[in-house]
Amino acid sequence: MLTMGWSAEGQIVKTTDVTVTNWLSKGQDLTMHCKSKEDDLGERVLHKLGNFSWHFIPNFFGRTLFFCSFSWDGSGGNRYFDIYVEKRDKDRCTDCKWIVSEVGPCWYNATSAAYDVCYGYKSSLL
């Protein structure tokens, strides 16, 4: 979904939508907590195939970053991933879709029509 907003200068700007879906293989609930420097989206519990979406206007200076922690039964603690990095994502999606599995998040590639761009989790927030 492409939506528009207005900048402080009165210019039309595109908003970006992010959707995260629980793709854990054993049907566990996924607990996630996403935030940016400016916004804390709170903790969410997603049931199997459940999702959470939000939208925002990317930072004028190209520094928008949303990072998330993920956990589930048997995960051994939190896993971390930068779910939206403007330098990585701004030219590839305005409707950024992710699935989260035990091995890491995978991004929906509209060119291949598949979640085939996968990443591992970061070891910590640092």
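Me: Is R92 buried, partly exposed or exposed, and what is its relative accessible area?
Reply: In this predicted model, R92 has a relative accessible area of 26%. R92 is therefore partly exposed, as this value lies between the cut-offs of 20% for buried and 50% for exposed.

Me: Which side chain meets R92 in a salt bridge?
Reply: The side chain of D89 does, with 2.9 Å from N to O.

Me: And D89, buried or exposed?
Reply: D89 counts as buried, because its relative accessibility is 0%.

Me: What else forms a salt bridge with D89?
Reply: R88 does, and the closest N and O atoms of that pair are 2.8 Å apart. R88 counts as partly exposed, at 26% relative accessibility. Salt bridges thus link R88, D89 and R92 in a network.

Me: Why can such side chains pair?
Reply: Side chains can pair if they carry opposite charge and their charged atoms come close.

Me: How many salt bridges are there in the whole structure?
Reply: A search of the whole structure finds four. One of them joins K97 and D95, with 3.9 Å between the closest N and O atoms. K97 is partly exposed at 32% relative accessibility, and D95 is partly exposed at 30%.

Me: Changing topic: which residues form the positive surface patch?
Reply: The patch is made up of K37, R63, K87 and K90.

Me: Where is K90 found?
Reply: K90 lies in the loop between helix 1 (86-89) and strand 9 (95-100). With 47% relative accessibility, K90 counts as partly exposed.

Note on methods. Residues numbered from 1 in each chain as written. Predicted model: local features only at pLDDT ≥ 70, side-chain atom pairs only at ≥ 80, totals over all residues. Heavy atoms only, no water. Patch = residues over 30% accessible without salt bridge, like charges linked within 9 Å, V, L, I, M, F, W, Y side chains within 5 Å. Areas by Shrake-Rupley, 256 points an atom, 1.4 Å probe, with all protein chains shown as cover. Lys, Arg positive; Asp, Glu negative; His and termini not counted. Charge placed at Lys NZ, Arg CZ, Asp CG, Glu CD. Helix = DSSP H or I, 4+ residues; strand = E, 2+ residues; numbered from the N terminus. Buried < 20%, exposed > 50% of the residue type's maximum accessible area, 1.4 Å probe, protein only.
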